[in-house]
Amino acid sequence: MTETFSSVPIVDFARLNDPVTKDEELSNLRKAIFVVGFLYLTNTGLENLIRHTHEKLPELFALSTEAKEKCNMINSPSFLGYTRLGAETTAAKTDLREQFDFGTPGMKPWTEQDPFWQRLEGPNQYPDYPGAQDLVDEYIAKTDNLAQAFVRLVAECLSLPRETFDSFKGNMSRLKFVKYPSAAQNSQGVGPHKDSAGLFTFLSQDNTGGLQVLNKNGEWIDVPPIEGSLVVNIQQGFEAITGGICAATTHRVIAPTSRTRYSIPFFQGVRLDLTLDQLKESAAHIVERIPASDDKKKRAVDVPSEFLSPLYSCFGEAHLRNRILSHPDVGQRWYSELYTKYSQQVLK
Ligand SMILES: O=C(O)CCC(=O)C(=O)O
Ligand SMILES: [Fe+2]
């Protein structure tokens, strides 16, 4: 029988950093990473920042349509900016949410000499709202630090040297502010997907509920809100680096029926230039050191992933492909040939 889960484990970041409790908590983390692929991270020290940011979201989304449209993602070949309700597609269906996408500030401007996928890293479009830029930049900087510390703990829990994953970190992480308006019962807030921008996702949800993960028996498991926690999940970049042993977990959001839901996902970036061949070389050394059973190692092949597909030249192209298909209007505007090519390909 496949080892699976019926609830999402809680991992305490403070206990991971206390020498007295560290070993015990690392073994919790290990199980969460291997078996579930999803966990709550508590006691991160970011609770005040998260609360403060949530307080600002209703006002930010209440900006006039004109103000929001001024920073529409359509202006950005880096897929950064505002997406209005109904402009995003997941699992071939329209998502019922609106959102702002941001990235780590200060990326080197793209030029024609750079690879086409490098254009994913670009400048933000901040909404015209007092303090928005400072808030976004602070949130990204602090969560990036947490993510870096977390990745080192993940290496430790897999009995790998702490710095094992450091060289896979990307230049740009991504942050989103998301609003799900109330809708008819069982509407798709966001459809079933795996996160694909990088290594790990750190998600703060408000107290509405609606987030679910898929277990290995094909059952949807609720991920109810825990105040102050971040829900962490494995993205396809990390899945690929571990040869698929640490699998990204499919998740979705059921739209709320009687209130508005807000969430703040943060996607830790992965190096975009990594090719499949380079990955195979570096991953081989990682995969062989992960003490998993042969059965678990087999999971490496049964998950179709753009990041492990020879159709794409490197992680950057795999990520760009996903962005183009999720935001078809932006994809068509900036990458029309690639849009046509990617929308005809079938992943195996
Ligand atoms: O809003 C949420 O709780 C989850 C959002 C999500 O999975 C995503 O944007 O990738
Ligand atoms: Fe997601």
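## Iron site, ligand 1 and the two biggest pockets

In this predicted model, a side-chain N or O atom of His-193 sits 3.0 Å from an oxygen atom of ligand 1. That makes His-193 a handy place to start, since the iron ion and the largest pocket involve this residue as well.

Let's stay with ligand 1 for a moment. Tyr-180 has a side-chain N or O atom 2.5 Å from an oxygen atom of the ligand, and for His-251 a polar side-chain atom is found 3.0 Å from a ligand oxygen. The residues around ligand 1 also include Arg-97, Lys-176, Asp-195, Leu-203, Val-253, Arg-261, Ser-263 and Phe-267.

Now the metal. Which protein atoms act as donors to the iron ion (ligand 2)? They are NE2 of His-193, OD of Asp-195 and NE2 of His-251, lying 2.1 Å from the ion. Written as a sequence pattern, the spacing of these donor residues is H-x1-D-x55-H. His-193 belongs to strand S8 and His-251 to strand S13, so this pair ties together parts that are 58 residues apart in sequence. His-251 counts as buried because its relative accessibility is 6%. His-193, Asp-195 and His-251 also appear among the residues around ligand 1.

On to the empty space. Here are the two pockets with their volumes and some of their lining residues:

| Pocket | Volume | Lining residues nearest the centre |
|---|---|---|
| Largest pocket | about 790 Å³ | Thr-90, His-193, Lys-194, Ser-196 and Ser-326 |
| Second largest pocket | about 330 Å³ | His-54, Gln-205, Asp-206, Glu-227 and Gly-228 |

The largest pocket has 37 lining residues. They split into 13 nonpolar, 13 polar and eleven charged. Which element supplies the largest share of this lining? That would be helix H9 (315-326), with six residues. Strands S4 (89-90), S7 (174-180), S8 (188-193), S9 (198-205), S13 (251-254) and S14 (261-269) each put in at least two residues too.

The second largest pocket is lined by 17 residues, and by class these are five nonpolar, seven polar and five charged. Helix H3 (47-61) and strand S9 each provide at least two of them, with H3 giving the most, four residues. Strand S9 thus turns up in the linings of both pockets, with at least two residues in the largest and at least two in the second largest.

How values were computed:
Residues numbered from 1 in each chain as written. Chains lettered and ligands numbered in written order. Predicted model: local features only at pLDDT ≥ 70, side-chain atom pairs only at ≥ 80, totals over all residues. Heavy atoms only, no water. 1 Å grid on protein atoms, 1.4 Å probe; cavity = no way out; pocket = protein on both sides within 12 Å on 5 of 7 lines; lining within 4 Å. Points joined across faces, edges and corners; volume = space filled by probe spheres on them. Nonpolar A, V, L, I, M, F, W, Y, C, P; charged D, E, K, R; others polar. Donors = N, O, S within 2.8 Å, 3.2 Å for Na, K, Ca; no water. Buried < 20%, exposed > 50% of the residue type's maximum accessible area, 1.4 Å probe, protein only. Near = heavy atom within 4 Å. Polar contact = N/O pair within 3.5 Å; in protein donor to acceptor, adjacent residues only side chain to side chain.
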